[in-house]
Amino acid sequence: MKTATLSQKLFSLRLLLIVGIALTFGACKNNDPQPDEPFSEAIRSNIPQETIDKIREMGIKVNEGTKPPLLNGTYWLSPLIMTMTEVPNDNYKVGHRFDDYKIKLYNQDEKKLTISLDNKGYNFSGELRTTSIGQNGAYIAGKGNFFTVFIVTEGEHTYNSSRFKMLEVYSGELSPTGINNMQNAIIMIDNYGNVNDDLIPNNTGRAFYDSDAFSESGGTFRIASNRKGNVAEKATDGERELFLKK
């Protein structure tokens, strides 16, 4: 039987030390907590970073995180004031009051980080002017009480044949009775030829906020009888319009 030489023993010892260090490093690496991703895989796959950057340039606070609050409910955006426009030669100025909107958030999936969103727009007289239904659900991000929802909606006017597809974004802070500091942005994806010449051009958009800094929850999504009290007040800046109106 051969006896290992001193050099062979030293080589074996060094090999054991290298393997031991590698295993220890690997174990530490696997056990180290990984930082939270800013957005879910669904958002990273479906909402290009340049689109998120554009929304931020429009003044919208895009909340990051993968642990958003539970948002299921109905909320009023009123008074809805435009804060920024990317529509060339826009007929409306920053500060214009647009139609009040009611949004319904439902079917939130806390694992997939998706949610469904429908909305309705009402004019000064309380008439339903537009409806939109979320297409294939919405993506949600956020942490704690802060959230941002991204959704592509298909909508139509109730008074003519205009149809549209838009990216809508909603951001805010959930409270026990509603949403604080709600912001909203729209980007027109397809106005389907703008057959009535009453929609903003494709690839343009506007940003808004609920100017009383609170979008209350509650009520039904069906009719206008549950509207916010202040929507009966006269708008000081003239007739209100649909937020996608040309």
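Here is a short walk through this protein chain, from how far to trust it to how some of its strands pair up.

Keep in mind that you're looking at a predicted model, so let's begin with confidence. The chain averages a pLDDT of 79, and 71% of its residues score at least 70. That confidence isn't spread evenly, though. Helix H1, covering residues 6–31, has the lowest mean, at 43, whereas strand E12, residues 205–210, has the highest, at 97.

Now look at two shaky stretches. Over residues 9–13 the pLDDT is below 50, and beyond near neighbours in sequence this stretch makes one contact in the model. Residues 222–239 also stay under 50, yet here the model has 41 contacts beyond four places in sequence. How should you treat places like these? Where pLDDT is low, the predicted coordinates should not be read in detail.

Next, find strand E9, which runs from residue 146 to residue 157. On one side of the pairing story is strand E8, residues 138–143, which runs antiparallel to E9 and is joined to it by five bridges. Two residues lie between these strands in their hairpin, and Gly-144 takes a positive phi near 65 degrees there.

E9 also pairs with strand E10, residues 163–175, again in the antiparallel sense, over 11 bridges. This hairpin has five residues between its strands.

To see how E9 links up with both partners, zoom in on Phe-147. Which residues stand opposite Phe-147? From E8 there is Gly-142, and from E10 there is Gly-172.

Conventions: Residues numbered from 1 in each chain as written. Predicted model: local features only at pLDDT ≥ 70, side-chain atom pairs only at ≥ 80, totals over all residues. Heavy atoms only, no water. pLDDT = per-residue confidence, 0-100. Helix = DSSP H or I, 4+ residues; strand = E, 2+ residues; numbered from the N terminus. Contact = heavy atoms within 4.5 Å. Pairing = 2+ DSSP bridges.
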